[in-house]
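Q: I would like a close look at a single part of this protein, taken slowly and set against the rest of the chain. Please work outward from one residue and its surroundings.

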Amino acid sequence: QSVTANDALDVIPGKRGRFILHVCNADGTPIRPLVRDEELRNKFDRQGTPDISADGTRVVFDAWKNTGKFDWQEARVIVVNFDGTGAIDAGDGVMPCFSPDGTQICYSRPPKYGEKQGAKGMSIWVMDVDGSNKRMIADRGAWGARWCAEGDLIAFHNGTDENEQPVPGTVLRLHDL
């Protein structure tokens, strides 16, 4: 297979804070940037927390524009085919995770965005992979969601209990969908 300019490694020496996800060989040597769309890569040139769908066909990750500081509250959830095509910006959020069947994503939302839709503080949300049907499942400091293998529970930490009392950050919470 021939290598095009778009397949070349996306590394810019001297540009601090630019972190682009790359697809690698089993030995760790990079092959190409994960996202083939150069415009999207340059728009969101700080990428992290990838999760691969159970069938191995898609990757979801968070990304934001490198402003020279760690500005995670501006992060977006990006979904892309594993071959690097079809990248979409599904909406604001961080630390995304695919549902076991690959049809939904759970993710954390900074207060900046969640509060506009009724969240009190940091919150956990679920959406379809195209960014539609967003719904909050926990707020008031809830953070770091991960889907269980069976698909009926989402684990996260913090938030409040049934009496609206803060739950310590060292407690694992489960939300029964």
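A: What follows starts from one loop residue, Ala 119, and then moves out to its contacts, to two backbone angles and to the sheets.

The model is a predicted one, and every statement below should be read with that in mind. The chain has 177 residues, of which 44% are buried, and its secondary structure comes to two helices and 13 strands. Of the contacts with a separation of 6 or more, 37% are between residues 24 or more positions apart.

Ala 119 belongs to the loop that runs between helix 2, residues 111-114, and strand 9, residues 123-128. Is this loop residue buried or exposed? Ala 119 is buried, because its relative accessible area is 5%, and the cut-off for that word is under 20%. Once the neighbours within four places in sequence are set aside, the residues in contact with Ala 119 are Gly 114, Trp 125, Met 136 and Asp 139. For one of these, Met 136, the sequence separation from Ala 119 is 17 residues, while the two C-alpha atoms are 7.5 Å apart in space.

Two of these contact residues can be followed further. Asp 139 is found in the loop between strand 10 and strand 11, the latter covering residues 143-147. Asp 139 counts as buried because its relative accessibility is 13%. Its side chain reaches the backbone nitrogen of Lys 120 at a distance of 2.8 Å. Asp 139 is thus a residue in contact with Ala 119, and its side chain also makes a polar contact with the backbone of Lys 120.

Trp 125, another residue in contact with Ala 119, has a charged group over its ring: the charged end of Arg 109 sits there, 4.4 Å from the ring centre. As for pairs between aromatic rings, the structure holds zero of them.

The loop between strand 9 and strand 10, the latter covering residues 135-138, contains Asn 133. Asn 133 is exposed because its relative accessible area is 55%, whereas Ala 119 is buried at 5%. The backbone of Asn 133 also deserves a look, since phi there is positive at about 55° although the residue is not a glycine. Most residues other than glycine have a negative phi. Met 95 is another non-glycine residue with a positive phi, in this case near 50°, and its place is in strand 7, residues 94-98.

Elsewhere in the chain, four strands form an open sheet in the order 3-4-5-6, with antiparallel pairing. Its edge strands are strand 3, residues 46-52, and strand 6, each of which pairs on one side only. Neighbouring strands in this sheet are turned against each other by 25° on average, direction ignored.

Taken pair by pair, the sheet reads as follows. Strand 3 and strand 4 run antiparallel and are joined by five bridges, with Arg 46 standing opposite Trp 64 of strand 4. Six bridges join strand 4, residues 58-64, to strand 5, residues 76-81, again in an antiparallel arrangement, and here the bridge partner of Arg 58 is Asn 81 in strand 5. Strand 5 and strand 6, the latter covering residues 88-92, are held by four bridges and also run antiparallel, with Val 79 opposite Ile 88 of strand 6. The hairpin of strand 5 and strand 6 has six residues between the strands, and within this hairpin Gly 84 takes a positive phi near 95°.

A further open sheet has three strands in the order 11-12-13, with antiparallel pairing. Strand 11 and strand 13, residues 172-176, stand at its edges with a single partner strand each, so one side of each is left without a neighbour in the sheet. The twist from one strand to the next averages 25° here. Strand 12, residues 153-157, runs antiparallel to strand 13 and is joined to it by five bridges; Ile 154 has His 175 of strand 13 as its bridge partner. Strand 11 also brings the account back to its starting point, since the loop between strand 10 and strand 11 holds Asp 139, one of the residues in contact with Ala 119.

Notes
Residues numbered from 1 in each chain as written. Predicted model: local features only at pLDDT ≥ 70, side-chain atom pairs only at ≥ 80, totals over all residues. Heavy atoms only, no water. Buried < 20%, exposed > 50% of the residue type's maximum accessible area, 1.4 Å probe, protein only. Contact = heavy atoms within 4.5 Å. Pairing = 2+ DSSP bridges. Axes fitted to C-alpha atoms, helices over the stretch in contact; angles between N-to-C directions. Phe/Tyr/Trp six-rings, centres within 6.5 Å; stacked < 30°, edge-to-face > 60°. Lys NZ or Arg CZ within 6 Å of the ring centre and 35° of its normal. Polar contact = N/O pair within 3.5 Å; in protein donor to acceptor, adjacent residues only side chain to side chain.
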